Amino acid sequence: MNNKLELLERFKSGLEDIIPEEELDKALLEKSLTIKWGADPSAPDLHLGHMVVLNKLKILQDMGHTVQFLIGDFTARIGDPTGKSATRKSLDVDEVKQNAQTYQDQVFKILDSEKTKVVYNADWLASMSAEEVVRLTAQFTVARMLERDDFQKRYSSETPISIHEFLYPLFQGQDSVVLESDMEIGGTDQKFNLLVGRQLQKQAGKKPQMIVTCPILEGLDGVQKMSKSLNNHVGIMDAPEDMFGKLMSIPDALIPRYFALLTEMSSSDIEGHATAIKSGSVNPRDIKVELAKVIIARLHSPDLADKAEAHFDTVFRKKDIPEDIPETYVSQVDIKLLDLMVEYQMTPSKKEARRLMEQGAVSLAGNKVTDLDAKWDGTDDQVLKIGKRRFYRLRRS
């Protein structure tokens with residue numbers, strides 16, 4: 001029981017909302033709960049902002065509870081309007097499926113797969129009849145929907161709100177009804193949607209789920225929330241070298257917060273780091289190194305964390321090309337660099353390769369390449385650099 005109490009305190013540390021708070025301790029200590037967490041596969045990658053919630057879910061699993069990982073393959077086609085100032089573009093089915101395939105590999109870097117049940121909400125939402133959808137909408141008023149901050153702002157500014165956007169929180173709430181979840185967890189920006197689930201469960205004659213919200217993690221800019229669309233994110237699947245370099249770029253003021261939300265470091269140790277940084281008795285860079293290695297060790301391995309640090313030292317402090325960069329054997333001569341980067345999986349897509357070249361983030365043999373038609377002429381042993389941290393030694397096969 002002492003271990004459970006310690007886990008409970010770790011779980012509660014830093015939470016924003018607990019509804020109803022008076023039920024939480026007893027429920028987590030004395031019952032076996034089903035915990036719901038959902039993610040729409042609207043992009044192929046999860047990032048460290050998602051890790052804030054995943055860390056809390058792992059603690060719940062360690063306490064003996066079961067996590068329902070809901071992949072919103074149906075709701076992703078609508079587009080979550082949360083925090084958006086305009087209607088989101090809907091995704092097609094194939095795009096959603098491709099993104100969904102990557103999610104399990106990413107979450108199981110943190111969650112215990114044996115204590116996780118993966119479900120897809122298209123299994124029940126896609127088969128709803130028009131009559132069932134109408135009945136669902138009848139359980140909520142427009143006035144209640146407009147209480148949502150983002151809807152309220154858009155309505156006040158006369159920014160269009162499409163009717164289908166009102167369906168999103170209702171469908172998310174219906175997920176809770178179908179899954180009979182005991183608790184739903186999410187970021188503070190999801191609070192309204194989580195409350196809808198609680199209300200719909202109550203109206204369906206089921207016990208309303210408890211609600212827990214976690215803080216939103218700021219991105220690398222230190223201002224806006226971490227988001228791939230804002231290019232201020234660290235992807236869970238990022239290479240260790242990329243992850244290390246990005247984390248070394250965060251503002252010093254964010255160091256304690258990143259430790260608190262992304263690691264298992266005790267609050268007293270975090271306070272000690274914060275005090276040392278404020279007093280100037282320690283170089284913030286050294287604390288960032290510790291932070292980066294802890295996160296990389298968790299998502300990759302301690303050995304790769306050490307190698308990422310060594311790579312960073314070589315590239316950024318010594319300004320050298322690393323000695324152990326991967327060799328890529330290329331059979332084609334006069335292949336466009338744009339095609340080469342995609343074909344040999346140096347970038348996830350041609351769109352990303354094109355963006356990097358246009359931004360001047362690609363160089364060959366030390367020369368920046370911005371011409372989208374530029375080719376590799378087959379010269380052996382040339383080094384292709386992509387971004388600040390990725391190097392490839394090109395070899396003729």
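How many nonpolar, polar and charged residues does the lining of the second largest pocket have? Hold that thought for a moment, everyone, and good morning. One thing to say early: what you have in front of you is a predicted model.

Now, back to the pocket. By class, its lining has 10 nonpolar, 6 polar and 6 charged residues. Altogether 22 residues line this second largest pocket, and the space inside comes to about 510 Å³. If you want to find its centre on the screen, look for Ser-13, Lys-56, Ala-260, Thr-263 and Met-265, the lining residues that lie nearest to it. Which helix gives the largest share of the lining? That is helix 12, with 6 residues. Helix 12 covers 255-262 and helix 13 covers 267-279, and these two, along with helix 3, each supply at least two lining residues.

Let's stay with helix 3, because it also takes part in a helix pair. As background, two packed helices are described by the angle between their axes and the distance between the axes. Helix 3, residues 48-62, and helix 14, residues 284-299, have axes that come within 13 Å and cross at roughly 65°. Helix 3 is therefore roughly perpendicular to helix 14, and the crossing is left-handed. On the helix 3 side, the contact is made by Leu-48, Met-51, Asn-55 and Lys-58. Helix 14 answers with Ile-295, Arg-298 and Leu-299. Sorted by class, the residues of this contact are 4 nonpolar, 1 polar and 2 charged.

Helix 14 has another partner to show you, helix 11, which runs over residues 240-247. Their axes are 9 Å apart, and the packing angle is about 150°. That angle makes helix 11 roughly antiparallel to helix 14, and the crossing is right-handed. From helix 11 the contact uses Pro-240, Met-243, Phe-244 and Leu-247. From helix 14 it uses Lys-288, Val-289, Ala-292, Lys-293, Ile-295, Ile-296 and Leu-299. Which classes appear in this contact? There are 9 nonpolar residues and 2 charged ones, with no polar residue. Ile-295 and Leu-299 may sound familiar: both are in the contact with helix 3, and both are in the contact with helix 11.

On to one more pair. Helix 9, residues 163-179, packs against helix 10, residues 191-203, at an angle of about 50°, with the axes 7 Å apart. The two helices are therefore oblique to each other, and helix 9 passes helix 10 in a right-handed crossing. The helix 9 residues in this contact include Tyr-168, Pro-169, Leu-170 and Gly-173. Among those they meet in helix 10 are Phe-192, Leu-194, Gly-197 and Leu-200. Here the contact divides into 8 nonpolar and 7 polar residues, with no charged one.

Before I finish, two backbone details. Most residues other than glycine have a negative phi, and most peptide bonds are trans. So where is the cis peptide bond I want to point out? Look at the step from Ile-19 to Pro-20, where omega is near -15°. Pro-20 is found in the loop between strand 1, 17-19, and helix 2, 21-30. The other detail is Asn-231, which is not a glycine but has a positive phi of about 55°. Asn-231 lies in the loop between strand 6, 210-214, and helix 11, the helix that packs with helix 14. Thanks for listening!

Methods. Residues numbered from 1 in each chain as written. Predicted model: local features only at pLDDT ≥ 70, side-chain atom pairs only at ≥ 80, totals over all residues. Heavy atoms only, no water. Axes fitted to C-alpha atoms, helices over the stretch in contact; angles between N-to-C directions. Helix = DSSP H or I, 4+ residues; strand = E, 2+ residues; numbered from the N terminus. Parallel < 35°, antiparallel > 145°, perpendicular 65-115°, else oblique. Left-handed = near helix turned anticlockwise from the far one by under 90°. Contact = heavy atoms within 4.5 Å. Nonpolar A, V, L, I, M, F, W, Y, C, P; charged D, E, K, R; others polar. 1 Å grid on protein atoms, 1.4 Å probe; cavity = no way out; pocket = protein on both sides within 12 Å on 5 of 7 lines; lining within 4 Å. Points joined across faces, edges and corners; volume = space filled by probe spheres on them.
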